[in-house]
Amino acid sequence: GAIAEKLSDFCGASNIHTNSRITAIFHDNERIKAVEVNGDRIRTDEVLSTLPLNVFLQLMKPLPSAEISAMANRLSFRSLILVTLLLKQESVTQGVSVHFPALELPFTRIHEPKKRSEYMAPLGETSLVVEIPCQQGDEFWNLEDQKLIQMVVSKLTAIHWIRHERVIDGVVVRLNHAYPVLDIGYEHRTQSIFRYLAGFDNLKLTG
């Protein structure tokens with residue numbers, strides 16, 4: 001949490017809007033003039049955006065040209081489900097992350113936050129964050145939280161990673177736009193979009 005805490009110190013906690021959604025981005029074709037957050041319009045001097053490119057462009061008022069909008073609409077992303085298991089044991093893995101390429105497993109990577117810092121779990125306990133790639137609206141995305149947790153516990157028990165009786169609890173988080181899909185022709189589309197957005201002198205893109 002150190003990075004987030006430093007950002008909060010720099011920006012001021014009163015200027016940070018959590019559980020919020022960007023609903024519009026206003027510009028004059030040279031500068032981003034204001035950003036609308038949950039319907040409230042906030043004037044801006046400088047803008048640093050981590051929004052997915054297609055979402056950013058769809059929120060712009062006025063909208064970009066039809067050509068740029070069409071390129072943005074063709075960008076696609078993979079979604080991700082994070083299933084976090086809380087365990088009554090000291091640790092599980094030797095390293096921070098382990099990848100799972102086997103097709104019969106629904107998850108592709110697991111990391112143990114406690115391996116980064118002992119403060120990431122209570123004494124004598126640990127957690128595993130299980131990553132399940134998916135698409136918004138597919139079978140995994142629509143599965144109930146408890147069923148996702150049960151599925152992950154069953155799979156990890158079957159491969160002898162954990163013991164069922166040591167599972168304390170589970171939490172599910174769904175993330176859309178987790179990873180960009182690098183399909184054929186994406187370079188041309190993104191380069192054109194970046195050139196367009198580079199025309200705004202107070203906008204920086206990251207993420």
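Accessible areas here come from the Shrake-Rupley method with a 1.4 Å probe; for residues, only the protein chains shown count as cover. The model is predicted: local features need pLDDT of at least 70, side-chain atom pairs count only at pLDDT 80 or more, and totals for chains, interfaces and linings use all residues. Numbering runs from 1 along each chain as its sequence is written, and side-chain values use heavy atoms, without hydrogens and water.

**Exercise 1. Surface and charge**

Task: Describe the exposed area, the extent and the charges of the protein chain.

Solution:
- Step 1. The chain exposes about 13200 Å², and carbon and sulfur atoms supply 54% of that area.
- Step 2. Its C-alpha atoms fill a box of roughly 60 × 40 × 30 Å along the principal axes.
- Step 3. Count Lys and Arg as positive, Asp and Glu as negative, and leave out His and the chain ends. Place each charge at NZ of Lys, CZ of Arg, CG of Asp or CD of Glu.
- Step 4. There are 22 positive and 24 negative charges, and their mean positions lie 1 Å apart.

**Exercise 2. Confidence and helix 1**

Task: Find where confidence is lowest, then check the cover of that element.

Solution:
- Step 1. pLDDT is the predictor's confidence in each residue, from 0 to 100. The chain averages 94, and 100% of the residues score at least 70.
- Step 2. Elements are DSSP runs numbered from the N terminus: helices are H or I with at least four residues, strands E with at least two. The chain has six helices and 11 strands.
- Step 3. Helix 1 (residues 2-11) has the lowest confidence, at a mean of 88, while strand 5 (residues 60-61) has the highest, at 98.
- Step 4. Buried means under 20% relative accessible area, exposed over 50%, and partly exposed in between (1.4 Å probe, protein chains only). Helix 1 is hardly covered: of its 10 residues, the count of buried ones is zero.
- Step 5. Gly 12 follows helix 1, with a positive phi near 90°.

**Exercise 3. The cores**

Task: Locate the largest nonpolar core and name its suppliers.

Solution:
- Step 1. A nonpolar core is a set of buried Ala, Val, Leu, Ile, Met, Phe, Trp, Tyr and Cys residues joined through side-chain atoms within 4.5 Å.
- Step 2. The largest has 21 residues; among those with the most contacts inside it are Ile 81, Phe 107 and Leu 156.
- Step 3. Strand 6 (77-87), strand 9 (126-134) and helix 5 (145-158) each supply at least two residues of this core. Helix 5 gives the most, with six.
- Step 4. Another core lies apart from this one; its 19 residues include Val 35, Leu 53, Phe 56 and Met 60.
- Step 5. Now take Phe 107, counting heavy atoms within 4.5 Å as contact. Beyond its neighbours within four places in sequence, Phe 107 touches Phe 100, Val 130, Glu 131, Ile 132, Lys 155 and Leu 156.

**Exercise 4. Backbone exceptions**

Task: Pick out the unusual backbone angles and place them.

Solution:
- Step 1. Most residues other than glycine have a negative phi, and most peptide bonds are trans.
- Step 2. Asn 29 has a positive phi, near 75°. Asn 29 sits in the loop between strand 1 (22-27) and strand 2 (32-37), and is exposed at 51% relative accessible area.
- Step 3. Asn 38 has a positive phi near 50°. Its loop joins strand 2 and strand 3 (40-43). At 45% relative accessibility, Asn 38 is partly exposed.
- Step 4. Lys 61 and Pro 62 are joined by a cis peptide bond, with omega about 0°. Pro 62 lies in the loop between strand 5 and helix 3 (66-73).
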